[in-house]
Structure formats: structure tokens, C-alpha cells
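Please load the model in the viewer and display side chains as sticks. The tour below proceeds by selection, one stop at a time.

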Amino acid sequence: MKPILEWQYDQLVKELILLQEHQADPHCPCETAGEMCVRKHLMTIEAYAEETLAIEEDKHWRDRLMQLATEAREHRETEEKSLCGEGESVQVLDWSRYWRKEFEMYSLACEVPEERKAPEPEQRKTTQHGDALTCPVAVE
């Protein structure tokens with residue numbers, strides 16, 4: 001993998017980790033002092049996914065990045081409505097965990113055994129969270 005792609009995916013995974021941790025920690029004061037953590041991380045994930053699209057040559061990963069950017073934008077827009085008092089905050093814990101696992105496996109510098117890879121999109125189902133946005137979870 002090209003060094004710039006490795007860096008891009010590292011940044012993307014880091015943002016997904018931060019979003020996952022902020023959603024999982026009930027003590028995180030994410031909406032205090034104007035921080036808006038969930039919105040901020042979703043916007044950054046969207047930006048890195050779009051930016052990485054421009055340099056990724058593999059069609060499969062370009063498609064995955066496009067899907068991630070689209071989903072991040074949809075979740076961000078719902079979160080923005082919530083911050084303005086319209087609806088509930090998005091719940092993206094499962095969503096961020098799914099995407100983190102997919103991209104961290106891809107960006108490793110070794111060949112990952114098949115059983116340790118994230119499932120393909122056809123092998124996952126969606127569940128409703130908040131304002132009809134979907135969060136992918138692995139099908140068992």
C-alpha cells in the first residue's frame with residue numbers, strides 16, 4: 001500500500017475509534033461546551049473517506065469509501081437536526097465499530113486470515129436507530 005494511502009486509512013480508523021469510544025462512554029460530555037463530538041467525528045470521517053477516494057485505485061475499496069462517506073453524511077445530518085432540537089441524537093456505536101474493523105484490517109501491513117476479516121456488505125443486516133438511519137451489524 002502506498003504510504004499516503006496507509007496514512008489516510010490510519011486517520012480514518014482513528015476517527016472511527018474516537019467516535020466509537022465517545023458513543024460507548026456514558027460519561028463523555030460530548031455535547032457540552034459546544035463540542036458536538038459526534039457531529040465533529042462524523043464530519044471528519046466523511047472528509048477522510050472522500051479524500052481517500054481520490055487516491056485509492058482499487059474499485060472495491062473506492063466503493064466502500066463512497067458508501068462510508070454517504071452514510072457518515074446521512075448520520076451527520078441527523079445529528080445536526082438533533083443538536084437543533086429536532087429528534088434524537090444518532091446512535092452510531094455499531095456503525096462505527098463495523099467500519100473501523102473493515103478498514104483497520106485492510107490497512108494492516110500483513111495478510112489477514114479470512115476468518116478475521118469483516119463480513120462483506122451482503123452478509124450484514126441493518127437495524128433502525130433514531131431517525132430511520134441504519135447502522136450495519138454483522139449477521140450471525
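The coordinates come from a predicted model. Begin by selecting Gly-85, which follows helix α3 and has a positive phi, near 90 degrees.

Next, select helix α3 itself, residues 59-83. At 1.5 Å a residue, its 25 residues should span 36 Å, and the end C-alpha atoms are indeed 36 Å apart. At the N-terminal end, add Asp-58, which caps the helix: one of its side-chain oxygens lies 2.9 Å from the backbone nitrogen of His-60. Then colour the buried residues of α3, among them Trp-61, Leu-65, Leu-68, His-75 and Arg-76.

Remain in α3 and select Lys-59 with Asp-63, whose side chains form a salt bridge (2.9 Å, N to O). The two are four residues apart in the helix and so are separated by about one helical turn. Lys-59 counts as exposed because its relative accessibility is 57%, while Asp-63, at 41%, counts as partly exposed.

Which residue meets the side chain of Arg-76 in a salt bridge? Select Glu-46: the N to O distance is 2.9 Å. Glu-46 belongs to helix α2 (residues 37-53) and Arg-76 to helix α3, so the pair ties together parts that are 30 residues apart in sequence. Both partners are buried.

Move to helix α4 (residues 93-107) and select Arg-100 and Glu-104, which are four residues apart and therefore separated by about one helical turn. Their side chains meet in a salt bridge at 2.6 Å, N to O. Arg-100 counts as buried at 15% relative accessibility, and Glu-104 as partly exposed at 26%.

Finally, select Arg-39, Glu-46, Glu-50, Arg-73, Arg-76 and Glu-80 together: salt bridges with shared partners join these residues into one network. The model's salt bridges come to ten.

Conventions:
Residues are numbered from 1 along each chain as its sequence is written. This is a predicted model: local features need pLDDT of at least 70, side-chain atom pairs count only at pLDDT 80 or more; totals for chains, interfaces and linings use all residues. Side-chain values use heavy atoms; hydrogens and water are left out. The expected span of a helix is 1.5 Å times one less than its number of residues. Buried means under 20% relative accessible area, exposed over 50%, partly exposed in between (1.4 Å probe, protein chains only). A polar contact is a pair of N or O atoms within 3.5 Å; within protein, one must be able to donate a hydrogen and the other to accept it, and residues adjacent in sequence count only if both atoms are side-chain atoms. A salt bridge is a side-chain nitrogen of Lys or Arg within 4 Å of a carboxyl oxygen of Asp or Glu.
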